[in-house]
Structures are given as C-alpha cells and as structure tokens.
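I set out to look up where this structure leaves empty space and what surrounds it. The entries below follow the order in which I checked things.

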Amino acid sequence: HNLDVYHHLIQSEVTSQNHVDWTKQIRYYWKPDDRECKVSIDNFEREYSYEYHGCSRHLIATPITDNCYLSFADSLGSFSGCFLVGPAGSGCVETIKDFAKAFGVFCIIFNCYDQMNYNDLNLFFKGIAQPGVWGDFDEFNRIKTDVLSVVSQHVYSILNACRENAKQFRFTDGSMLKLDNRAGIFISINSSYKEGQEIPENLKNQFRKIDMNAPDKRSLIRVI
C-alpha cells in the first residue's frame, strides 16, 4: 500500500506538503524540541501512544480502508463516536484495530451479547474514559433496548467532557472520574444479523456512521 501511495504521488507530481493526496495519508513527525512523535492524518493530529501491539497481522489496505481512516480521524477530532455497519467479512473490527495500531493506542474489543447489563457497561465505559484508550463494542445491536438507553447517557457524558477538555467529570452513576480526552468510542454492527435491536436515535446522533462493504476478492488478489 505504501508503494502504491508513493507511485501515485510521483505520477500526480505532488510537491506540496499541503496537497490533499499527501495530507490524507497517515504520517509520523518527530518533534525534537518536545521529544514527541506526532501522528497526523488530514487535520487530525495526536501524540503516538507507544502501546505495544506485537507482531500482529497487517490489514490489506483498500480504497475503502483509506476513506474509513479519514472518517475515523474526523470523528475523533470532533470528539464524536464512530459507528461502523457492514456484512461479515467487511473488516469493521480489523480496520479499527489497525487504525489503533498506527497510533500506538491500546484498543479493547468487546463482543456484545444480549445478557449484558448496566453494571457491565458502567465498568467498560469507566475503563475507556480514565486511561484514554479506544474501545469497540462489536455486535452492538445484540444489547437489549433498555440497556442501550443507558449507554446513550454514558456516551454523552464522556464525549461531552472530552469536548470541554475536562480533567474530571461526573459519570452517569454519580461518581467523579478522571478523564483523558484521547478516549475513543467505536461501535460495529453486522448488517447481515437481522435479529438485532434497533439503535435509539439519541444514541445514533452521537456517532458518525460509516458503511463498510466486503472487498472484491479479485482486487485483493491484485493487491497481494
């Protein structure tokens, strides 16, 4: 993928660092004065978090992947959640994990089920907000509707506190929590699962929806 990007930049005669074909790529900058590594994509920039991900598999990047990364960056930059919808095999979870690896961020994947209750979700969201990690709730529509209404309040309290750059905030259960505003909330849904719960509108409005499609197998063969 990096080689394809390089060839495209050469063929398009891109010479400005402000050109959209360059800024839409994930880029790394070392700041010698601050001794920090910054990761940038589009107008979104964040310090590299140095979370060790091990020798994990690499995601095959497609045009859908690039567009998805730009949507992630826009959502995180505006302190909104990311809502991925796609059929099985479209790579919703793997795309989130690969994006987190690019930023060196610890990303937790929760496999949701219909027996999840308020107490479970309280602990999950507290664990995301305080250390500033990213969390993806996979198969989110398996959670019961009455529990989803509580989730809406959790998400609002965290994202609103992030927008205000607060160091502490009052969680929906009344407790005061420390906050790292680098926290990211993702939900992913398998669109082929027809028995799931309807997501409440007040919860949907706090997320940017991203539709994922299963990649064409022929294009993947060409990429490999």
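Entry 1, the cavity. I took a cavity to be a set of grid points where a 1.4 Å probe fits but cannot get out. The model I searched is a predicted one. Searching the whole structure, I found one cavity of 30 Å³ or more. For the largest cavity I noted a volume of about 40 Å³.

Next I listed the lining of the largest cavity: Ser-75, Leu-76, Phe-79, Ser-80, Leu-159, Cys-162, Ala-183, Gly-184 and Ile-185. By class I counted six nonpolar residues, three polar and no charged. I then asked which elements each supply at least two residues of this lining. They are α3, α6 (145-163) and β9 (184-190).

Entry 2, helix α3. I looked at α3 next, as a contributor to the cavity lining. The helix covers residues 63-77, 15 residues in total. From first C-alpha to last I read a reach of 21 Å, close to the 21 Å expected at 1.5 Å a residue.

I checked burial along α3 and recorded Thr-65, Cys-68, Tyr-69, Ser-71, Phe-72, Ala-73, Ser-75 and Leu-76 as buried. Of these buried residues, Ser-75 and Leu-76 also appear in the lining of the largest cavity. Just after α3, I found Phe-79 with a positive phi of about 55 degrees. Phe-79 is also among the residues lining the largest cavity.

Entry 3, the pocket. I turned to the largest pocket and noted a volume of about 560 Å³. How many residues line the largest pocket, and which lie nearest its centre? I counted 18 lining residues, with His-1, Asn-2, Ile-26, Tyr-69 and Asp-98 nearest the centre. Tyr-69 was already on my list of buried residues in α3.

The pocket lining divides into nine nonpolar, five polar and four charged residues. I noted that α1 (2-11), α3 and α4 (92-103) each supply at least two of its residues. Helix α3 thus turns up in the lining of the pocket and in that of the cavity.

Entry 4, Gln-25. I looked up Gln-25 in the loop between α2 (20-23) and β1 (27-31). Is Gln-25 buried or exposed? I put it down as buried, because its relative accessibility is 12% and the cut-off is under 20%.

A polar atom of the Gln-25 side chain lies 3.3 Å from the backbone oxygen of Asp-21. Leaving aside neighbours within four places in sequence, I found Gln-25 in contact with His-1, Val-5, Ser-40 and Ile-41. His-1 is also one of the residues nearest the centre of the largest pocket.

Technical notes
Residues are numbered from 1 along each chain as its sequence is written. This is a predicted model: local features need pLDDT of at least 70, side-chain atom pairs count only at pLDDT 80 or more; totals for chains, interfaces and linings use all residues. Side-chain values use heavy atoms; hydrogens and water are left out. The expected span of a helix is 1.5 Å times one less than its number of residues. Buried means under 20% relative accessible area, exposed over 50%, partly exposed in between (1.4 Å probe, protein chains only). On a 1 Å grid over the protein atoms alone, a cavity is a set of points where a 1.4 Å probe fits but cannot get out, and a pocket is an open set with protein on both sides within 12 Å along at least five of seven lines; lining residues have an atom within 4 Å of a point. Grid points are joined across faces, edges and corners, and a volume is the space filled by probe spheres set on the points. Ala, Val, Leu, Ile, Met, Phe, Trp, Tyr, Cys and Pro count as nonpolar, Asp, Glu, Lys and Arg as charged, and the others, Gly among them, as polar. A polar contact is a pair of N or O atoms within 3.5 Å; within protein, one must be able to donate a hydrogen and the other to accept it, and residues adjacent in sequence count only if both atoms are side-chain atoms. Contact means heavy atoms within 4.5 Å.
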